[in-house]
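Good morning, everyone, and thank you for making the time. I would like to walk you through one model, chain by chain and then across the contacts between chains, so please have the structure open as I go.

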Amino acid sequence: MRDITLGQYFPADSVIHRLDPRVKILSLIAFIALVFCSFNYVSLAFTALFVLTIVLLSRVPLKMYLKSLKVIIIIVVITSLLNLFYGTGEPIWQWGIIKVTWAGIHNAIFVCVRVICLILLSSALTFTTSPTDLTDALERLMKPLTVFHIKVHEIAMMMTIALRFVPTLLEETDKIMAAQKARGADMESGNLANRIRALTPVLIPLFVSAFRRAYELAVAMECRCYQGGEGRTRMKQLHLGKRDAVCIVVGLLVIAAVVLLDIFFAAYV
Amino acid sequence: MNFISVQNVTFKYDSQDETEGKLVLNDISFEVKKGAFVALLGHNGSGKSTVAKHLNAMLTPTSGKVYIDGMDTSDDKLTYDIRRRVGLVLQNPDNQIVASIVEEDVAFGPENLGIPSDEIRRRVDEALKAVDMYDHRLKAPYKLSGGQKQRVAIAGIIAMQPDCIVLDEPTAMLDPKGREEVLYTIHKLNKEQGITVVMITHYMEEAVTADRVYVMDNGRMLTSGTPQEVFSQVELMKKHRLDVPQATELCHKLRACGVELDRLPLDREECTSMLKEVLLR
Amino acid sequence: MSILSVKDLTYVYSQGTPFEHTAVDKLSFEIERGDFIGIIGHTGSGKSTLVQMLNGLIKPTSGAVYLDNINIWDKPKEIRKIRFKVGLVFQYPEYQLFEETVEKDIAFGPTNIGLNEKEIKERVLQAAKFVDLNPELLVKSPFDLSGGEKRRAAIAGVIAMDPDILILDEPCAGLDPLGRDILLSQIYSYHKERGNTVLLVSHSMEDVGTVCDKVMVMNRSRLEMFDTAQRVFSQGERLQKLGLRIPQITSVIDELIDAGFPLKRGTLTVEQAVEDITEYLKREGRL
């Protein structure tokens, strides 16, 4: 039995959870830009502090955040090392072609902090927003794109259905694998090519079943009068509340602060 | 008044090479009164599921007519209206749930109908209460049991407030407990809300409790009547390899052995009280 | 001598997490060679976990499974061999079909055993015969078969491994009464002809009652009863207390017995009941 929740939604009752998902998505974009616009140590520290505040406010156990960082830590280490060793300027330490410069150290620190902030922010979004709320908000945010003949509703509907069927198909994969193992299929040994070949008995039934499900789902949707996005209403309406207004104001203040810090402490690079 | 009227319907698929020319439905006629609970019994491949798809205009007859409350299903302009009034619940509950949260799935139908938000909210809550799934409204469907999923699917249909629900083998993939839950729910909806029910099934037990039973075999209507009338024809049913209640079969066989019985019972209580009389006589 | 026995068999899901759940709790039993055993119980009573432990798909948390008196996990690397000896047919097995032709699909198991081509061919034909699959169908794609045929082809895929023990998890799920009767009689004649051990997991007491000699009743991860079918089904009240639905005919006869008529408890088929009642009436001189 697996307990997969895509996007790892962590239900809790926090200020961040209760924000309008549209505000959260737009804030995420704005803050990511902010992370990359923090050019000196003071503004970077300020931004990092702000990100930590969000993390704490979300009431999601820190362990969950650390888990999502763990996935990315290798990339952080590698990029930091590359930056560390390929900096320009006077070397402060050298061994063969490898040299460490002040600029390299600076770069490494900046990259490291920025990537960590990025991960923490996007995790904060996915931890505090249910997948349905996310697709819902995306559909509404992308609505203006319909002008360019982008099928926003269809894209959102596809995401909804995909989210709905991920656990079902995972469960099905488990079942098919067990059934083929019961017929003596060997999926645990042999080289890579053998292992890939051993997946055929799993993948084919899985595809067949996915197509059958898709067909039946289409029939069921038609039976329920689905005719595309036109004329469709929604049960859940998103309302911008006081909380969202506060969030937007705080967000703008933080952005202003970072810009000011960038300017005033430009020397601390 | 007849809510559903199926008149001499014949149906065949146009272009499937192997089944071409073979009549899936052969001169099928029947009527369903408003508020009735009707069962359509037959083996897989008897054409009963094809009938189901005719009742909400998913399929239209090759010849003959289907009228839903006077509306002709062959008229394209009426399709949407017909589907709103006749909801179809399918066999596999997993493949008819669209959203990853129970209440949002139930809202799917009403949303398609363009109903205002607060009205949808009210209907969704009502529908979930009617199928006893209100407490599970925020759960993910894949965490529910088969019976619970099927009840969510039924809620999704009744939230559209149809006059009639057609259920195409809704219990075939469920365990006995799930089957009981679903049957109880359907009967409750029929009794309390007066929703017309057409139950398509291959389980004889589920047809016994209907007002009227239609039996299909090989695309034709084999027999019809009250459950009592239908299941008393033990020989005919057995000849077509259909089940009859064990109580009915027992008394039928006893009668063949010379035991005097004036009629055949349908359920356990009736059977035991009849047999007690016979054994004491 | 017992062919299969389990001792204190236990399985715990997600051990050490808040989702910890004991699916099978200290089960011990022995199965004789040639037995036809029915396993009944609710969804979630542990039946599926149990049968997957019997063929080594799931490794027990504690306790052991002995096949011919040898612990199947003695040599973990050779667990695949156990699966050839204990064939397991999953619920809705038609969803595991994948080859281009029915023949190739049935041959998947025998090929994995490592048999030569001639042996494989023989096994396939024999297995197809057991489930009454028309030889013409063997060259077709499995996806072109009817629902019932797919089911039988999938079962043939396990039978073709020629297991000493055949386990079927709800083989009749979703079939109509006709398909169910045909499949059950095929499994029964396979058991009679091969004389091997068969375990049939089912929700339906009618099904179990018509073909099995012995019945295991699982309840809340434990083995509640394990006895001959007759003795298990004569405890109608106890079964109903476990939430298991007993056949209508059984409860009719039980009620008549309670009313004082000398009939046999645990009657499972209409034929038995008719015989019993007419015999009584004849004895009383009223027929």
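**Chain B, its neighbours and the cores**

Let me begin with chain B, where, among contacts between residues at least 6 apart in sequence, 62% join residues at least 24 apart. I should say at once that this is a predicted model, and that everything I describe has to be taken in that light. Chain B contains 11 helices and 10 strands, and its C-alpha trace spans about 65 × 45 × 35 Å along the principal axes. Its radius of gyration is 20 Å, which agrees with the value near 19 Å that a compact globule of 281 residues would have. Of those 281 residues, 52% count as buried.

As a local example in chain B, take helix α1, residues 48–55, and ask how many of its eight residues are buried. The answer is six, so that the helix is mostly covered, a reading for which the cut-off is 20 or more other C-beta atoms within 10 Å of a residue's own. The buried positions in α1(B) are K48(B), T50(B), V51(B), A52(B), H54(B) and L55(B), a list in which you will find a lysine and a histidine beside valine and leucine. After α1(B) comes A57(B), which has a positive phi, near 65 degrees.

Turning to chain C, the description runs along similar headings. Chain C has 11 helices and 10 strands, and its C-alpha atoms fill a box of roughly 65 × 50 × 35 Å along the principal axes. For its 287 residues, a compact globule would have a radius of gyration near 19 Å, and the 21 Å found for chain C agrees with that. Buried residues make up 48% of chain C, and, for contacts with a separation of 6 or more, residues 24 or more positions apart account for 63%.

The domain assignment splits chain C into domain 1, residues 2–235, and domain 2, residues 247–287, with C-alpha centres that lie 34 Å apart. Their contact takes eight residues from domain 1 of chain C and six residues from domain 2 of chain C. On the domain 1 side, the elements giving two or more residues are α7 (205–211) and α8 (229–233) of chain C, and α7(C) provides the largest share, four residues. By class, that side of domain 1 of chain C has two nonpolar, four polar and two charged residues.

Chain A is likewise divided in the assignment, into domain 1, which is made of 7–129 + 239–264, and domain 2, which covers 143–223. The centres of these two domains of chain A, taken over C-alpha atoms, are separated by 34 Å.

**Between the chains**

Now to the contacts between chains, starting with A and B. Here 26 residues of chain A are in contact with 33 residues of chain B. Which helices of chain A each supply at least two residues of the side that touches chain B? They are α6 (131–142), α7 (152–182) and α9 (200–223) of chain A, and α9(A) gives the most, with eight residues. The residues on this side of chain A divide into 12 nonpolar, seven polar and seven charged.

Between chains B and C, 28 residues of chain B are in contact with 26 residues of chain C. On the chain B side, α6 (176–193), α10 (246–256) and α11 (268–280) each supply at least two residues, and by class this side has 13 nonpolar, seven polar and eight charged residues.

That leads to the nonpolar cores. The largest nonpolar core has 100 residues, and those with the most contacts inside it are A155(B), V198(B) and L250(B). Helix α5 of chain B, residues 146–158, gives the most to this core, with six residues. What does L250(B) touch, leaving aside residues up to four places away in sequence? Its partners are C271(B) from chain B together with I249(C), V252(C), V270(C), A273(C) and V274(C) from chain C. There is also a second, separate core of 79 residues, which includes M177(A), V202(A), L97(C) and A160(C).

If you look at one residue after this talk, I would suggest L250(B), which is among the residues with the most contacts inside the largest nonpolar core and touches residues of chain C.

Notes:
Residues are numbered from 1 along each chain as its sequence is written. Chains are lettered from A and ligands numbered from 1 in the order in which they are written. This is a predicted model: local features need pLDDT of at least 70, side-chain atom pairs count only at pLDDT 80 or more; totals for chains, interfaces and linings use all residues. Domain bounds come from an automatic or database domain assignment. Two residues are in contact if their C-beta atoms, placed from the backbone, lie within 7 Å. Ala, Val, Leu, Ile, Met, Phe, Trp, Tyr, Cys and Pro count as nonpolar, Asp, Glu, Lys and Arg as charged, and the others, Gly among them, as polar. The radius of gyration is taken over C-alpha atoms; the globule rule is 2.2 Å times the number of residues to the power 0.38. A residue is buried if 20 or more other C-beta atoms lie within 10 Å of its own, exposed if 12 or fewer, and partly exposed in between; C-beta atoms are placed from the backbone. A nonpolar core is a set of buried Ala, Val, Leu, Ile, Met, Phe, Trp, Tyr and Cys residues joined through C-beta atoms within 7 Å.
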